[in-house]
Protein chains: 2
Amino acid sequence: MYRIGELAQRYEIKTDTLRYYEKHGLLAPSGRSDSGYRLYNDEDEVKLRFILRAKAVGFSLAQIHELLVIDASRAKWACHDVKSIVEKKVVELEQKIAELNQFRDSLQQLADACCGGPESAEHCSILDALEVRQ
Amino acid sequence: MYRIGELAQRYEIKTDTLRYYEKHGLLAPSGRSDSGYRLYNDEDEVKLRFILRAKAVGFSLAQIHELLVIDASRAKWACHDVKSIVEKKVVELEQKIAELNQFRDSLQQLADACCGGPESAEHCSILDALEVRQ
DNA sequence: ATAAACCTTGGAGTTTGGTCAAAGGTCAAA
DNA sequence: TTTGACCTTTGACCAAACTCCAAGGTTTAT
């Protein structure tokens, strides 16, 4: 059984983060001491690892919550359910990557058109481009 | 001269967005009517176009503010100054793209390892992978 | 004149994931 | 026993970019 500070330190997160996860339904401690201290057991620790690993691959806390619901009653769900959450996230990421690539390309074009030297910005092609009627 | 509603409608943004931009130092109207209404002139309109265009290629409002400072006194700045802001943004975007690609690859691996069928999630390789000690 | 659309200001709310502060109780080591 | 670290709860704050609300003044068209 860990107290909140021990578990937080073990995984290099803040105690406040654990309290936040509890408040938002992600991870509640399995018990409390007589004085009201949160007590986390081994299963709680496994669950925290799940959360941190899912965060590390880009899931939002809401998405992690969905996965945790499935994980809590695995037998009631199919592999298909899990896989589709992951695939949906992949699509989401691919869309964001595409958008950022577009931004990158537009900006690279602007940068390429600019001499970038010590000349006055009075006739700067980048500034001009930002001002045009779309 | 436009009133706030006219300019907002012309560019399909909210009046509140214009007030927000004014409050945050991005775009102040050039004048006020006797009754206190904001009055935007042609230069204000050009400036708004600048803001919207810069947003459209991924700049944050803080970054746009920097560009506007340069644009306001172009002769006092060099092309180099403008280009370096743009190039910094390109680097920033490339870093984010790299991170998202990493997330995408990790998740794609997880998805590929899962049968994704109607079998019980009891032995789901995705859920297992999220639980391992790092 | 009237009514509705338009405008003003100031402040609060939303989103997401935390983080901080205050007041006060508990625990462990010296 | 004392002290300092640790814990609790509650509520507010932070970031960034809006958006909403309330109260009240102004403008425009009928």
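Of the atoms of DNA strand D within 4 Å of the protein, what percentage belong to sugar or phosphate? The figure is 72%, and bases supply the rest. This is a predicted model, and the sections below walk through its DNA contacts, its paired chains and the two domains of chain A.

## Around DNA strand D

Let us start with the DNA. DNA strand D is surrounded by 19 residues. The closest come from both protein chains: G5(A), R19(A) and R38(A) on one side of the list, and Y20(B) and Y37(B) on the other.

A few individual contacts help to fill in this picture. G5(A) places a backbone N or O atom 2.8 Å from a phosphate oxygen of DNA strand D. L61(B) also uses a backbone N or O atom, and this one lies 3.0 Å from a phosphate oxygen of the strand. With Y20(B) we turn to the bases: a polar side-chain atom of this residue lies 3.2 Å from a base nitrogen of DNA strand D.

## How chains A and B are related

Now for the two protein chains. In general, two copies of a chain are related by a rotation about an axis and a shift along it. Here, a turn of 180° and a shift of 0.0 Å along the axis lay chain A on chain B with an RMSD of 0.0 Å. That is the relation of a two-fold axis.

Which residue of chain A has its C-alpha nearest the axis? I97(A) does, at 2.9 Å from it. The two copies use the same surface, and 100% of the contact residues of chain A recur in chain B.

## Two domains in chain A

Within chain A, the domain assignment gives domain 1 as residues 1–77 and domain 2 as residues 84–134. Seven residues from domain 1 of chain A and four residues from domain 2 of chain A take part in the contact between them. The C-alpha centres of these two domains lie 39 Å apart.

## Where the domains meet

The size of an interface is often given as the accessible area lost when the parts come together. Between domain 1 and domain 2 of chain A, the buried area is about 490 Å², with carbon and sulfur atoms giving 65% of it. On the domain 1 side, F59(A), Q63(A) and E66(A) lose the most area to domain 2, together 64% of what that side buries.

What kinds of residues does domain 1 of chain A bring to this contact? They divide into three nonpolar, three polar and one charged. Across the interface there are zero salt bridges, whereas three residue pairs are in polar contact.

Notes: Residues are numbered from 1 along each chain as its sequence is written. Chains are lettered from A and ligands numbered from 1 in the order in which they are written. This is a predicted model: local features need pLDDT of at least 70, side-chain atom pairs count only at pLDDT 80 or more; totals for chains, interfaces and linings use all residues. Side-chain values use heavy atoms; hydrogens and water are left out. Domain bounds come from an automatic or database domain assignment. Contact means heavy atoms within 4.5 Å. Buried area is the accessible area (1.4 Å probe) that two parts lose on being put together, summed over both. A salt bridge is a side-chain nitrogen of Lys or Arg within 4 Å of a carboxyl oxygen of Asp or Glu. A polar contact is a pair of N or O atoms within 3.5 Å; within protein, one must be able to donate a hydrogen and the other to accept it, and residues adjacent in sequence count only if both atoms are side-chain atoms. Ala, Val, Leu, Ile, Met, Phe, Trp, Tyr, Cys and Pro count as nonpolar, Asp, Glu, Lys and Arg as charged, and the others, Gly among them, as polar. Copies are superposed by least squares on the C-alpha atoms of residues with pLDDT of at least 70 in both. A residue is near a molecule or strand if one of its heavy atoms lies within 4 Å of it.
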